[in-house]
Amino acid sequence: MYEYLKSLHLIFVITWFAGLFYIVRLFVYQIEANDKPSPEREILLKQYKIMTYRLWYIITWPSAVLASLFAFWMLFFTPVGNAWLQTPWMHVKLVFVFLLYLYHLKCHQIYKQLQNDQFNYTSNFMRIWNEGATIILFAVVFLVIIKNEINWIYGVIGIILFSILIMLGFKFYKRLREKNKS
């Protein structure tokens, strides 16, 4: 039973992350569409609202709920899951899962704002925001795969260095975009 639960959990974690990655990309497009001239702006905004609605409520939210349900079932109602709850790496993983829930809820807030034509963020902010899910994904995958073998100091340094690399990549990409606009 545990292996089936783990498989279902993993499937819905993958679709949850896919939804989170794509929703923020759609936020970027929606914010940039708001700067277009009329009637292009209205056409694009209407289409992006439909796309984000479908992605958010048909894929992302159900995936988050199902991933959580299967994780809860695995951890609290199987002997293997109960054993994992006693390990330090699982405690750290659950902290990252909590951060993922916060990230998801913030995306929901941004989604609602954009659906109401409230543009409180720039497209550049959204590009950086999109990397939050990437950092959480890397941290969780490494924790799950390496488990007790991980050296926490190297792990923390690795996440910091990975975050710095992402930000440098973002700055490089931003310069390329601005150069191509000229």
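**Figure 1. Helices α2 and α4 cross with a left-handed sense.** The view comes from a predicted model. The axes of α2 and α4 cross at roughly 160° and come within 12 Å. Angles over 145 degrees count as roughly antiparallel, and α2 and α4 are therefore roughly antiparallel to each other.

**Figure 2. The whole protein is built from 6 helices and 0 strands.** Along the sequence the pattern reads α-α-α-α-α-α. A box of roughly 60 × 35 × 20 Å, taken along the principal axes, holds the C-alpha atoms of the protein. The protein has 182 residues, and 35% of them are buried.

**Figure 3. Helices α1 and α2 pack at an angle of about 160°.** Two packed helices are described by the angle between their axes and the distance between the axes. Helix α1 covers residues 2–33 and helix α2 covers residues 40–77, and their axes lie 7 Å apart. The angle makes α1 roughly antiparallel to α2. The crossing of α1 and α2 is left-handed. Residues of the contact of α1 with α2 divide into 26 nonpolar, 7 polar and 3 charged.

**Figure 4. A cis peptide bond joins S38 and P39.** Omega of this bond is about 5°. P39 sits in the loop between α1 and α2. Most residues other than glycine have a negative phi, and most peptide bonds are trans.

**Figure 5. Q47 in helix α2 is set against L10.** The two residues are 37 apart along the chain, and their C-alpha atoms are separated by 31 Å. Is Q47 buried or partly exposed? Its relative accessibility is 40%, so Q47 counts as partly exposed.

**Figure 6. D117 has a positive phi, near 60°.** D117 is a residue other than glycine. Its place is the loop between α4, residues 88–115, and α5. With a relative accessible area of 44%, D117 is partly exposed. A second positive phi, about 50°, belongs to K147, just after α5.

**Figure 7. Helix α5 spans residues 123–146.** Helix α5 has 24 residues. From its first C-alpha to its last, α5 reaches 35 Å, close to the 34 Å expected at 1.5 Å a residue. Which residues of α5 are buried? They are S123, M126, R127, N130, A133, T134, I135, I136, A139, V140 and L143.

**Figure 8. A133 lies in helix α5 and is shown with L100.** The C-alpha atoms of A133 and L100 are separated by 7.1 Å, while the residues are 33 apart along the chain. The relative accessible area of A133 is 0%. Buried means under 20%, so A133 is buried.

**Figure 9. W16 and Y101 form one of the aromatic pairs.** The structure holds 17 aromatic pairs. A pair of aromatic rings is described by the distance of the centres and the angle of the planes. For W16 and Y101 the values are 5.6 Å centre to centre and 40° between the planes, and the pair is tilted. The pair links distant parts of the chain. W16 is in helix α1 and Y101 is in helix α4, 85 residues apart. W16 is buried, with a relative accessible area of 3%. Y101 counts as partly exposed, at 32% relative accessibility.

**Figure 10. Y103 and W129 form a stacked pair.** The ring centres of Y103 and W129 are 4.6 Å apart. Their planes stand at 15°, and planes under 30 degrees apart count as stacked. Which helices hold the two rings? Y103 lies in helix α4 and W129 in helix α5, so the pair ties together parts that are 26 residues apart in sequence. Y103 counts as buried, at 4% relative accessibility.

**Figure 11. Five aromatic residues, Y53, W56, Y57, W61 and Y111, make up a cluster.** Ring pairs link these residues.

Notes:
Residues are numbered from 1 along each chain as its sequence is written. This is a predicted model: local features need pLDDT of at least 70, side-chain atom pairs count only at pLDDT 80 or more; totals for chains, interfaces and linings use all residues. Side-chain values use heavy atoms; hydrogens and water are left out. Helices (H or I, at least four residues) and strands (E, at least two) are DSSP runs, numbered from the N terminus. The expected span of a helix is 1.5 Å times one less than its number of residues. Buried means under 20% relative accessible area, exposed over 50%, partly exposed in between (1.4 Å probe, protein chains only). Axes are lines fitted to C-alpha atoms, for helices over the stretch in contact, and angles run from 0 to 180 degrees between N-to-C directions. Angles under 35 degrees count as roughly parallel, over 145 as roughly antiparallel, 65 to 115 as roughly perpendicular and the rest as oblique. A crossing is left-handed if the near helix is turned anticlockwise from the far one by less than a right angle, and right-handed if clockwise. Ala, Val, Leu, Ile, Met, Phe, Trp, Tyr, Cys and Pro count as nonpolar, Asp, Glu, Lys and Arg as charged, and the others, Gly among them, as polar. Rings of Phe, Tyr and Trp (its six-membered ring) pair if their centres lie within 6.5 Å; planes under 30 degrees apart count as stacked, over 60 as edge-to-face and the rest as tilted.
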